[in-house]
Amino acid sequence: MNPIVFAIPVFMLTILLEAWIAHRRGAAAYDTADALTSLHLGMVSQVVGLFVKLAMLGIYTAVYDHWRFASLPANSVWVWLGALLAYDFCYYWTHRLGHEVGVMWAAHVVHHSSEFYNLSTALRQTSSGWVLGWLFYLPMALAGVPPLVLVGVGLIDLLYQYWVHTEMVGRLGWLDRVFVTPSNHRVHHGQNDYCIDRNYGGILILFDRLFGTYADERADERIIYGVRTPLRSLNPAWANLHFYADLWRASRSVRGWRNKLYVWFGPPGGWTGEPLGHFDATRFTHYRPATPPAAALYAMLQFALLVPCVSHLIAIAPSLALPELLLYAGVVVASTLSLGALLEGRRWALRAEQARALGLGLAFALLPQWFGYAAPMVVKVTILVVMVIAVVWLDKNIKTFQWRTT
């Protein structure tokens, strides 16, 4: 069983808890549309991972089987501790180059595109980081770290990073000097001048101190989150592709293969020849599309219904035939795209979303099985009734709002 299946309920509960704490403190830590976009991106990332992670592990295993210099025992505590340290070191450089190389930033920028900083931001993950990211962990295969150990320490490193995405936890004393904590990771997500390209660590902040990329959080300067060229979209597909599109346009506009390669493998935006300018926090405004409140509430309900579907998909993916896996994955991804368009206030999305919701409700109720799950009749009827009521309620409550025409 994929451990992420068990982590998803914890993610959802802690996000709700953090939102409640933020509300009690009067902190503007959450925006509904932004948080849902982060969660949609997390879903898409997990769905894409079902198709690519096994291949990446296969490459690692092949290198381990044929070219390892040593054979380390998978049942040794010291091997696990050493592998975790090695993985965190490899992660530091993967993460750092994800900020310093254009094509790698195109993947990683997804994670930084939120203008809010909360636990949902931790789940705003790329769907294309696998393209180059796997290369950085091959030295561990050469060193003889078994594939099972790699998967285990990788999961530990990934899950650790979840809790540091919050403004609800302040400074933690000596822990801030040794480990990645909310304080020093807030710096990493900032647009402020002193925050740029700082604090890359996954678990340990010591590598940043060693290689000169550490910056301490400043008490006298409020951190503004996001990226200098804002995404300004709630579309999960565009969030994953927009910087690749920028690279493609830029590479076509310059002459010579050296310049074209520099666009992709030089620093992000380096092709312009312009240094990164000063960030003026007084001119910053959050991207807030005119999302009708009814549409936001509807999207929250539909996301809540998607969560068990994604958990189910991740759990049964190894047993599904490829056509079934593609269909189920397509349903999830299409749902995030439809809901994203609805949150952006695009007029066409209203009818498209109503058709999607009713279609899925009918399919769940009428099909004998939902991808292997034979739901009790009471569950089928309940889901269908909920879908019908939600769609009718949405149609009734949005007519007074102005929708975008594009």
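**Reading labels off a predicted model**

Mentor: In this predicted model, Val 381 is partly exposed, its relative accessible area being 43%.

Trainee: Why is Val 381 called partly exposed?

Mentor: Buried needs under 20% and exposed over 50%; Val 381 has 43%, so the label is partly exposed. The residue is found in helix H17, residues 377-397.

Trainee: What makes Val 381 eligible for a nonpolar surface patch?

Mentor: A patch residue needs over 30% relative accessible area and no salt bridge. Val 381 has 43%, so the area condition is met. Met 377, Val 385 and Ile 389 make up the patch with Val 381, about 370 Å² in area.

Trainee: How do you know that Arg 171 and Asp 176 form a salt bridge?

Mentor: The cut-off is 4 Å from side-chain nitrogen to carboxyl oxygen. Their N to O distance is 3.3 Å, so the pair qualifies. Asp 176 has 3% relative accessibility, under 20%, and therefore counts as buried. Arg 171, at 47%, is partly exposed.

Trainee: Why is the pair Arg 171 and Asp 216 said to tie together parts of the chain that are apart in sequence?

Mentor: Their side chains meet in a salt bridge at 3.0 Å, N to O. Arg 171 lies in the loop between helices H8 and H9, and Asp 216 in the loop between H11 and H12, so the linked parts are 45 residues apart in sequence.

Trainee: What makes Arg 249 and Asp 246 a salt bridge?

Mentor: The N to O distance is 2.5 Å, which is within 4 Å, so they qualify. They are three residues apart in helix H12, about one helical turn.

Notes
Residues numbered from 1 in each chain as written. Predicted model: local features only at pLDDT ≥ 70, side-chain atom pairs only at ≥ 80, totals over all residues. Heavy atoms only, no water. Patch = residues over 30% accessible without salt bridge, like charges linked within 9 Å, V, L, I, M, F, W, Y side chains within 5 Å. Areas by Shrake-Rupley, 256 points an atom, 1.4 Å probe, with all protein chains shown as cover. Helix = DSSP H or I, 4+ residues; strand = E, 2+ residues; numbered from the N terminus. Buried < 20%, exposed > 50% of the residue type's maximum accessible area, 1.4 Å probe, protein only.
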